[in-house]
Amino acid sequence: MGGGGQQTDRITGTNARFSTYTWEEVQKHTKSGDQWIVVERKVYNVSQWVKRHPGGLRIIGHYAGEDATEAFTAFHPDLPLVRKYMKPLLIGELEASEPSQDRQKNAALVEDFRALRERLEVIALMLVWYFGTGWINTAIVAVLMATAQSQAGWLQHDFGHLSVCKSSRWNHLVHKFVIGHLKGASAGWWNHRHFQHHAKPNVFKKDPDVNMLNMFVVGKVQPVEYGVKKVKHLPYNHQHKYFFFVGPPLLIPVFFQFQIFHNMVSHGLWVDLVWCISYYVRYFLCYTQFYGLFWAVILFNFVRFMESHWFVWVTQMSHIPMNIDYEKHQDWLSMQLVATCNIEQSAFNDWFSGHLNFQIEHHLFPTMPRHNYWRAAPHVRALCDKYGVKYQEKTLYGAFADIIRYNTHLKSHGFTFKKSFCSELFLYNMKQH
């Protein structure tokens, strides 16, 4: 098997003898139930273990048959501990003649990025900050609650990325409290979605954020594919008309709400469910005594409605206008840069976006505390300039304008879908007659 016959005892920390493999052999193991990954030139068989992976089975599956070193390093702050648990999965290493990178990735860029990460880890500081019945009064209450919910969203995001406490255990515990008791959501659901997004941003069938719940067709390839396959859940040729009525206002109060409860029940996330219920109990105990049950429900959904707009505009200003395509097997830095862009720094932008205006640095170093992104930005930009990788930064106004302009692209994508759909349907009818 592709070099697998050779034996070596070069694997650090073990006396056992292991096989060596070529990239060709590793890339044969990409299917569900048969998945290998490469981390720091070591080959791991994760076929059965993926089901027990704390971050979910899909995120590892996205890197099956590939070098996962950068993703592995980016998502795990306590690397020695994780390596300890990975030892039983180790089956060998790459042959000495094999490059460290698969699929012609730029090895020099990858090595320089690793050097940059190491430098930033040395100078990084652990800084955490938290900002934290009349119609007028109710409007003020709603705005304050929407602001609190949005800021709590950025806070749970920090804990979810293990970027606050030194101990992963404490990060996980506080994450459950913040996202569950303060926001009424599920840590397990968030981990499952969000880490896939970071692992393969804007990649069809791997990033849940661009699957669009089958409500939109985006990019240059998906509209054609859906048209040819006759996949039509909605009138996509009119998607530019309903985007602003469906996307920003309904994402959190409808789509996420349904997904969260479905995920908790179907996956048995009972601890998350208890935390989530505690949020609703607290909310209704506080507000039904002032507004009654009916108006308390109205207020709840109005707050979610405002929070949803805030969330969508902040998170998508750095992703929707960027490249959306199928897997291209790029190196970590190039993959993240083609799918993300930054918004210029200001006190308001930092607060409004939870420092996600530094989306590039956040995607490259997801466990870095948010208040250190600005320190990393000049180093990342210099590395991008060195290798000709495009580093995009926009004004907040320009970023919002790009989302509005993207509606024109949605119209174009919808037209492409209709053209593909109708042409294939026409050919099918001709064959029938």
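**A walk around helix H7 and its neighbours**

His 198 has a relative accessibility of just 1%, so it counts as buried (buried is under 20% relative accessible area, exposed is over 50%, and partly exposed is in between, with a 1.4 Å probe and protein chains only). Before I go on, this is a predicted model, where local features need pLDDT of at least 70 and side-chain atom pairs count only at pLDDT 80 or more, while totals for chains, interfaces and linings use all residues. Residues are numbered from 1 along each chain as its sequence is written, and side-chain values use heavy atoms, with hydrogens and water left out.

Okay, back to His 198. You'll find it in helix H8 (helices are DSSP runs of H or I with at least four residues, strands are E runs with at least two, and both are numbered from the N terminus). Which residues does His 198 contact, leaving aside neighbours within four places in sequence? They are Phe 75, His 161, Trp 332, Gln 336, His 362, His 363 and Pro 366 (contact means heavy atoms within 4.5 Å). With one of those, His 161, the contact is also polar: side chain to side chain, 3.3 Å (that's a pair of N or O atoms within 3.5 Å; within protein, one must be able to donate a hydrogen and the other to accept it, and residues adjacent in sequence count only if both atoms are side-chain atoms).

Now step back along the chain to helix H7, residues 168-182. H7 is 15 residues long and spans 20 Å from first C-alpha to last, close to the 21 Å expected at 1.5 Å a residue (the expected span is 1.5 Å times one less than the number of residues). At its start, a side-chain oxygen of Ser 167 comes within 3.2 Å of the backbone nitrogen of Arg 169. Past the other end comes Gly 184, with a positive phi near 70°. The buried residues of H7 include Asn 171, His 175, Val 178 and Ile 179, along with Gly 180 and His 181.

How does H7 sit against its partners? Let's take H8, residues 187-199, to begin with: the two axes come within 9 Å and cross at roughly 105° (axes are lines fitted to C-alpha atoms, for helices over the stretch in contact, with angles from 0 to 180 degrees between N-to-C directions). That's why H7 and H8 are called roughly perpendicular (65 to 115 degrees; under 35 is roughly parallel, over 145 roughly antiparallel, the rest oblique). At the meeting point, H7 brings His 175, Lys 176 and Ile 179, and H8 brings Ala 187, Trp 190 and Asn 191.

The other partner is helix H11, residues 270-316, whose axis comes within 7 Å of the H7 axis and crosses it at roughly 45°. So here H7 is oblique. From H7, Lys 176, Phe 177, Gly 180, His 181 and Leu 182 take part, and on the H11 side we have Val 271, Asp 272, Trp 275, Cys 276, Ser 278, Tyr 279 and Arg 282.

Have a look at Gly 180 in there. It is buried, at 1% relative accessibility. Not counting residues up to four places away in sequence, Gly 180 touches His 175, Ala 185, Trp 275, Cys 276 and Tyr 279. Gly 180 and Ser 278 sit 98 residues apart in sequence, yet their C-alpha atoms are 7.7 Å apart.

Next, the loop between H11 and helix H12 (332-339), where we meet Glu 327. Is Glu 327 buried or exposed? At 19% relative accessibility, it counts as buried. Its side chain has a 2.9 Å polar contact with the side chain of Lys 200, and one of its side-chain polar atoms lies 2.8 Å from the backbone nitrogen of His 329. Beyond four places in sequence, Glu 327 touches His 62, Glu 66, Lys 200, Val 203 and Lys 206.

Last topic: backbone oddities. Most residues other than glycine have a negative phi. Asn 202, though, has a positive phi of about 60°; this residue is in the loop between H8 and helix H9 (222-229), and is buried at 4% relative accessibility. Just after H9, Lys 230 also has a positive phi, about 60°. And Glu 40, in the loop between strands S4 (34-39) and S5 (42-45), has a phi near 55°. Glu 40 is partly exposed, with a relative accessible area of 33%.
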